[in-house]
Amino acid sequence: MAATSKKSQKRKSKDGPKLNKASKKPFKAAKKESSDAAALQLADDDVPVFPRGGGSTLSQRERDEIYAEVDAELEAEERGLNKKKNKKLQKKSNEAVDDLGSLFGDGITGKLPRYANKITWKNISPGMRLWGVVAEVNEKDLVISLPGGLRGLARATDALDPVLDTEVEDSEGNLLPTIFHVGQLVSCTVLQLDDDKKENGKRKIWLSLRLSLLHKGFTLDAVQEGMVLTAYVKSIEDHGYILHFGLPSFTGFLPKKSQAESRGIEVKPGQLLQGVVRTIDRTRKVVYLSSDPDTVSKCVTKDLKGISIDLLIPGMMVSARVQSILENGIMLAFLTYFTGTVDIFHLQNTFPTTNWRNDYSQNKKVNARILFVDPSSRAIGLTLNPYLLHNKAPPSHVKIGDIYDQSKVVRVDRGLGLLLDIPTTPASIPAYVSISDVAEEEVKKLEKKYKEGTRVRVRILGFRHLEGLATGILKVAISLL
């Protein structure tokens with residue numbers, strides 16, 4: 001163990017720049033301020049490690065072997081480092097290295113993480129389950145907005161389970177537009193990542209909406225009354241709808257009187273519906289649902305005995321309590337066995353000020369929805385966004401290219417960027433401007449040039465549908481176009 005300790009000390013002083021590409025950016029802030037900026041970073045190249053979402057299943061011997069492997073890799077990287085690297089950049093990067101211990105944390109009883117889990121290009125991987133918003137519906141695929149501003153694609157063949165092929169009619173390739181709509185919240189599974197040759201450094205994220213993948217850990221024994229489940233409409237009968245959960249072991253039924261049809265919404269085979277489990281006929285293996293939207297949006301998952309991470313589905317609402325405050329969010333404990341994190345762009349207040357930490361006292365109780373689950377690392381992301389809590393996608397009141405003259409600075413993230421309040425109608429929305437998009441010249445001290453309450457002119461560059469967050473630019477030459 002002494003040898004391991006020496007290795008750990010050695011890597012803290014040398015290997016930072018190799019691990020953290022974000023350190024190449026010219027931050028001038030002090031150590032604590034610099035770590036705050038890194039924690040809040042909107043770009044893909046921030047590298048907060050994933051705190052685990054439950055108790056460790058590794059033995060002491062297995063953990064020792066993993067530590068040894070990491071030490072060996074770090075030492076190999078050390079030998080290839082350029083010794084002329086800027087010392088300030090090394091200092092910043094070493095802060096990220098200090099957090100490597102949380103990769104091996106033991107959930108609630110282990111070392112608490114410093115940063116909230118975030119989905120980026122660097123850590124997204126096959127098998128992850130994510131909540132998303134349908135951004136485009138095409139004949140051959142769906143474009144889905146994912147956490148962290150990423151976008152994924154789901155082919156038509158991956159949007160439905162094969163068992164529905166004989167039930168759903170595809171009229172001249174227009175199947176997807178009849179089943180999905182823009183703004184629809186969907187749970188999906190990452191299938192694979194492909195390099196995008198048209199855009200250097202980017203990869204295509206291929207997704208599946210098949211319930212057979214999403215529900216693969218479910219059995220009828222795991223289904224409980226009061227649980228919210230997603231199902232396909234397999235067929236339409238006189239008194240209701242036969243439902244398919246993607247599994248052969250049980251089926252479902254939804255009475256027409258409890259369905260959205262009474263609200264004037266046409267229901268078609270293949271359509272995805274959410275419903276609350278009302279009763280379970282375990283002999284006939286039939287689950288009876290009610291799909292009243294208000295009931296579905298308020299339903300909280302019960303604390304089930306022996307629940308596994310495979311049963312955690314994105315979009316599921318849970319009762320949680322605040323366990324700790326992180327540098328870029330909070331950590332929550334929920335369903336007895338699990339912990340998950342909420343990053344700063346998914347807090348209850350969509351305009352979190354510099355004093356946002358004051359809103360989250362120890363053990364404060366909140367309702368949260370699961371944003372993503374990574375079964376391999378046991379990392380779990382949660383959201384407190386008020387729209388998502390009501391099971392609705394945040395509204396988008398802006399278009400790319402729109403200009404707003406009287407946008408208000410809500411928060412100044414030293415060395416990173418600005419959070420703005422955009423005066424849209426019927427309600428204002430948040431926008432973020434990276435420090436590189438603030439001015440033509442380099443801004444060394446953002447906090448001296450901008451104060452909370454300052455009014456600025458911003459041009460909209462993009463919109464993150466799941467966060468309800470616009471991205472913008474203040475550079476005069478561009479904002480005047």
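**A walk through two barrels and a hairpin or two**

Let's start at a turn: β16 and β17 form a hairpin with three residues between the strands, and there G415 takes a positive phi near 80°. Keep in mind as you look around that this is a predicted model.

So what do the two strands of that hairpin do? Strand β16 covers residues 403-413 and strand β17 covers residues 417-422, and the two pair in the antiparallel sense over five bridges. If you want one spot to look at, find V409, which stands opposite L420 in β17. β16 also pairs with another strand: four bridges join it to β19 (residues 455-464), and these two run antiparallel as well. Here I403 has R459 in β19 as its bridge partner.

Follow the pairings round and you get a closed barrel. Which strands make it up, and in what order? Five strands run β16-β17-β18-β20-β19, and their pairing is mixed. From one strand to the next, the twist averages 50°. For a parallel piece of this barrel, go to strand β18 (residues 429-434) and strand β20 (residues 469-473), which pair in the parallel sense over two bridges. In that pair, A431 stands opposite A470 in β20.

Now head back along the chain to another barrel. Five strands close up here in the order β6-β7-β8-β10-β9, and the pairing is mixed. The twist averages 50° from one strand to the next. Zoom in on β9 and strand β10 (residues 286-290): they pair in the antiparallel sense over five bridges. I280 is a handy marker, with V287 in β10 as its bridge partner.

Between β8 (251-255) and β9 (272-281) there's a loop, and P269 is found in it. Is P269 buried, exposed or partly exposed? Its relative accessibility is 26%, so P269 counts as partly exposed. P269 also shows how the fold brings separate bits of chain together: V233 is 36 residues away along the chain, yet the C-alpha atoms of P269 and V233 are separated by 4.9 Å.

Two more loop residues are worth a stop. T301 is found in the loop between α9 (293-298) and β11. T301 counts as buried because its relative accessibility is 14%. What does it touch? Leaving out residues up to four places away in sequence, T301 touches M316, M317, V318 and L335. A bit further on, N328 has its place in the loop between β11 (317-326) and β12 (329-334). With 0% relative accessibility, N328 counts as buried, so a loop address doesn't keep this residue out of the interior. The side chain of N328 has a polar atom that lies 2.7 Å from the backbone nitrogen of A116.

Next up is the hairpin of β14 and β15, with four residues between the strands; R378 in its turn has a positive phi of about 65°. Five bridges join β14 to β15, and the two run antiparallel. One opposite pair to spot is D374 and A379 in β15.

Why is strand β15 described as largely enclosed by the rest of the structure? It spans residues 379-383, and five of its five residues are buried, so the rest of the structure largely encloses it. In a regular strand the side chains alternate between the two faces of the sheet. You can see that pattern in β15: A379, G381 and T383 point one way, I380 and L382 point the other way, and all are buried.

Time to zoom out. The protein has 12 helices and 20 strands. Of its 481 residues, 52% count as buried. About 22900 Å² is exposed, and carbon and sulfur atoms supply 50% of that. Among contacts between residues at least 6 apart in sequence, 66% join residues at least 24 apart.

Finally, how confident is the predictor? The pLDDT averages 78 over the protein, and 71% of the residues score at least 70. Among the elements, strand β14 (residues 365-374) has the highest mean pLDDT, 97, while helix α2 (residues 16-19) has the lowest, 37. Over residues 1-39 the pLDDT is below 50, and this stretch has 82 contacts in the model beyond near neighbours in sequence. Residues 65-109 also stay under 50, and for them the model has 84 contacts beyond four places in sequence.

Technical notes
Residues are numbered from 1 along each chain as its sequence is written. Side-chain values use heavy atoms; hydrogens and water are left out. Two strands pair if DSSP finds at least two bridges between them. Buried means under 20% relative accessible area, exposed over 50%, partly exposed in between (1.4 Å probe, protein chains only). Contact means heavy atoms within 4.5 Å. Accessible areas come from the Shrake-Rupley method with a 1.4 Å probe; for residues, only the protein chains shown count as cover. A polar contact is a pair of N or O atoms within 3.5 Å; within protein, one must be able to donate a hydrogen and the other to accept it, and residues adjacent in sequence count only if both atoms are side-chain atoms. Axes are lines fitted to C-alpha atoms, for helices over the stretch in contact, and angles run from 0 to 180 degrees between N-to-C directions. pLDDT is the predictor's confidence in each residue, from 0 to 100.
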